[in-house]
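Open the model in a viewer and keep the selection panel at hand. The stops below can be taken in order.

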Amino acid sequence: MINLETKPLERTPEAIYQRMLHHLLHTVVKDPARVTDRDWFNVLAHTLRDYLAENWLKTTHRYYEEDARRIYYLSMEFLLGRALVNNALNLNMLESCREVLKELNLPEETIYEMENDPALGNGGLGRLAACFLDSMATLNLAGYGYGIRYEFGMFYQRLKDGMQVEQPDNWLRYANPWEFPRPELLYPVQYGGNVIEYRDHKGLLYHEWSNTQDVMAMAYDLPITGYNTDTVNTLRLWSAKSSRDFNLQCFNQGEYLKAVEEKSQSETLSKVLYPDDTTAEGRQLRLKQEYFFVSASIQDIVRRYQSTHPDDPQLFHLSDKIAIQLNDTHPVLAIPEMLHLLIDKYRQDWDSAWNNCVKIFGYTNHTLMPEALETWSAHLVEKLLPRHFQLINEINRRFLEQVRYRFPGDLDLIRRVSIYGEDGEKHLRMAHLAVVGSHKVNGVAEIHTQLMKKTLFSDFNRLFEGRIINKTNGITPRRWLNEANPQLAHLISDRLGNQAWLTDLSQLKKLIPFAEDQIFQKSFQDVKKHNKEKLALFIKKCLQLEINPHALFDVQVKRIHEYKRQLLNVLHIITRYNRIRANPNAPIVPRVMIFAGKAAPGYVQAKRIIKLINDVADVINHDIIIGDRLKVVFIPNYDVSVAQRIMPAAELSEQISTAGTEASGTGNMKLALNGALTIGTLDGANLEIREEVGEKNIFMFGLNSDEIAHLKGHYHPIDLYHSNPELKQVLDMLNEGYFSVEEPARFKPIVESLLNGDPFLNLADYEAYINCQQQVDDLYQNSLEWTRRAILNVAQMGKFSSDRTIQDYAKEIWQL
């Protein structure tokens, strides 16, 4: 029996020092005479881990004692970022740790830099999941995350001659001091085989899934600590293990590779995030990966419920005690997996099992683009998951029966809402399965949710009135302001007289009067200047490029994708370059254009855009006529740690996706919270940011989603090319190889795409964007007015806290 009444661990610098000394001698280092900075990082991490474990144990015990309703957040990505400083801040121990490091004469920043970013995500989807875990712990909710422990993440991005090169992200090379392996938590995950039907002695029909190929899922737990609370929640990640590590018979027969073949094949499931799906093998691996993670997670969720509710052996009351949130379509196989367990293992009848499922599951949609919605070949699903294929067929049959009853004779409606698409090869539409199998479906920004109801899910909105709701995304201020921008956080706390804003971001509104205060403006400017200088040093160290810290730092950092329109940004940069060269003596606001982001390995056009950015940078950065008036920077391997360097230094936030394509965005929130003004389209959360900060404190341009819908079918980008001389000059330069002299035709595919369709309407918004950029220049020349508006942006970001978002989920979706 564990005694939970023991005296809490002391948190004084002396107590921390003693624990560090213990870990130095007994946990981390074999030779105390040869201690490296990495060793000291591990010593400090293990010391903080002791404090986390103390609270973790108490939290787990409390949840069992209270029989709390538990929330399970299933996501393919959790982009956590480094944990050491975040955990120290949340435990209110950072200053004590700094004192000890100083006493030991250790380089604080160098030790922090020893920590690798966990390669468990790629973009906004994973960062949102991480913010939500932070908020659930801070709000003392019984929240659990479930995902995959990727051995190599997505990839480590390097640039070679300006081109993206993918390398394995070996983030576990030095092990992860925060994770706790749980070898006792091992679940079989089945694939293939066949389904046997049989009747019991009462004549009831049952199904047995047999002759399967099994992979084992082993748990690794990461503690998620809340801010200024004893709550420590759990992120459980699954690692694939072979059901048979070693075939001794093959080995003894001299077949050495075959002896370990099964182990090698099984463990590929948790090697890489989003394996390239341009091949049939890649598609199969992705589907197996998704099922691997949801099967292990659902089995674990059911096990936990059984351990606390032995009086409900058939799990009829399961939905009273758990809620499962599906972050995008990747985990949607959790619905038929839960149905499979409830019916085939726990012998619930269909109606009871299905009602349980619908009450349990909620689905968050993250895209409106049909091509981005997951679909799977029906043949592939049937081959890999034959029992689930049967269950999905039955879900669809019963659902379409209800549709026919309500709308008799409407065959087109049946075709549109069916879980299966019949155009081309028959395929399973995961978003449709998610909507049918969840009690709530949410968008992540007001405009996104409205468009879901009007376009993508308009039929479902009619069929399931009230099921589709909005939950605007948010970010955690603990990481994205308190940790990322400590000088600004200190300035805010000092002026407000407390740190209440860290758990109630609406408190920032109290800064509004200080936007007019010249002393506060000067302090705010000093913080921004400091952060810009730090970023300039980082860029010099990484890229050997000197940038002007007094220039406007113009930032577009996000996944590289055509709809996010890094290409439109490049068109503006070239236009700006041409204007300076045409009139070198004209006054112009100097700018540093900063890009960062990864392109999917198989996304040729996105990778070509990265090459374009770097080729344009190479020409501009070496043009003596241009000098410091314009610089272009692409920072490789964008991750949370890089973002935490860029966001505090940013002054202009580029949020320029085609209207109607970006579900929400969270980079827009992080940048605004750190004092950047936004230049953006009428898309995603940009509209809600405008509502909060006011129209005068944001730069908006471009077509709205209704105008874009009206334009389709009669949009002729070639006419814009001929009618706008500046645009024509830019495209001709690209087409004729101005930025790629050694390969003049390199960017012809980009120009052809723009002139022959321009699916994301770069040229349609070009002129409005250029004009809006002129407004940016005009305002930046008035530094006090720019600063005033930047302060107002920070002050009115309260709505965009992930704490508010999670409270909304808890009330309206999870029914806490």
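What follows is a walk through a predicted model, with a selection to make at each stop.

**Stop 1: H23 in helix α1**

Select residues 13-28, which form helix α1, and pick out H23 within this helix. H23 is buried, because its relative accessible area is 7%, under the 20% limit. Show side chains here: those of H23 and T27 are joined by a polar contact of 2.8 Å. Then look beyond the stretch of four places on either side of H23 in sequence, where H23 is in contact with V28, V29, V43, H46, T47 and D50.

**Stop 2: helices α6 and α33**

Select residues 124-138 for helix α6 and residues 802-812 for helix α33; the axes of these two helices are 9 Å apart and meet at an angle of about 75 degrees. The pair therefore counts as roughly perpendicular. On the α6 side, the contact is made by C131, F132, S135 and M136, and on the α33 side by S802, D803, T805, I806 and Y809. Coloured by class, the residues of this contact come out as five nonpolar, three polar and one charged.

Stay on C131 for a moment. C131 counts as buried, with a relative accessibility of 1%. Add C97 to the selection: C97 is also buried, at 2%. How many disulfides are there? The count is zero.

**Stop 3: two positive phi angles**

Most residues other than glycine have a negative phi. Two loop residues are worth checking against that background.

Go to D328, in the loop that runs between β10 (322-327) and α11 (334-345). D328 is not a glycine, yet has a positive phi of about 75 degrees. Is D328 buried or exposed? D328 counts as buried, at 11% relative accessibility.

Next select N637, in the loop between β19 (630-635) and α24 (640-646). The phi of N637 is positive as well, near 55 degrees. N637 is buried too, with a relative accessibility of 7%.

**Stop 4: helix α12**

Select residues 350-360, helix α12, and colour by burial: W350, A353, W354, N356, C357, V358 and I360 are buried. What do the buried residues of α12 pack against? Their partners are α10 (318-321), β10, α11, β11 (361-364), α14 (386-406) and α16 (430-436). Two of these partners, β10 and α11, flank the loop that holds D328.

Now move to the start of α12 and show D349 together with D351. A side-chain oxygen of D349 comes to within 3.2 Å of the backbone nitrogen of D351.

**Stop 5: L463 in helix α18**

Helix α18 covers residues 458-463, and L463 belongs to this helix. L463 counts as buried, with 9% relative accessibility. Leaving out neighbours within four places in sequence, the contacts of L463 are F399, V403, R406, F407 and V417. Put a distance label on F407: the C-alpha atoms of L463 and F407 are 9.9 Å apart, while 56 residues separate the two in sequence.

**Stop 6: H572 and I656**

Select H572 in helix α22, residues 566-582. With a relative accessible area of 3%, H572 is buried. Outside the four places on either side in sequence, H572 is in contact with R591, M593, Y769, I770 and Q773.

Keep Y769 displayed and add I656, which lies in the loop between β20 (652-655) and α25 (667-673). I656 is buried, at 1% relative accessible area. Setting aside residues up to four places away in sequence, I656 touches Q556, K564, R565, L568, N569, I679, T681, F701 and Y769. Y769 thus appears in the contacts of H572 and in those of I656. For a distance label, use T678, whose C-alpha atom is separated from that of I656 by 9.5 Å, with the two positions 22 residues apart along the chain.

**Stop 7: G602**

Finish at G602, in the loop between β18 (591-596) and α23 (604-621). G602 is partly exposed, with a relative accessible area of 36%. Beyond neighbours within four places in sequence, G602 is in contact with D276 and T278. To return to the area of the opening stop, draw a line from G602 to H46: their C-alpha atoms are 39 Å apart, and the two residues are 556 apart in sequence. H46 is one of the contacts of H23.

Key: Residues numbered from 1 in each chain as written. Predicted model: local features only at pLDDT ≥ 70, side-chain atom pairs only at ≥ 80, totals over all residues. Heavy atoms only, no water. Disulfide = S-S within 2.5 Å. Buried < 20%, exposed > 50% of the residue type's maximum accessible area, 1.4 Å probe, protein only. Helix = DSSP H or I, 4+ residues; strand = E, 2+ residues; numbered from the N terminus. Polar contact = N/O pair within 3.5 Å; in protein donor to acceptor, adjacent residues only side chain to side chain. Contact = heavy atoms within 4.5 Å. Axes fitted to C-alpha atoms, helices over the stretch in contact; angles between N-to-C directions. Parallel < 35°, antiparallel > 145°, perpendicular 65-115°, else oblique. Nonpolar A, V, L, I, M, F, W, Y, C, P; charged D, E, K, R; others polar.
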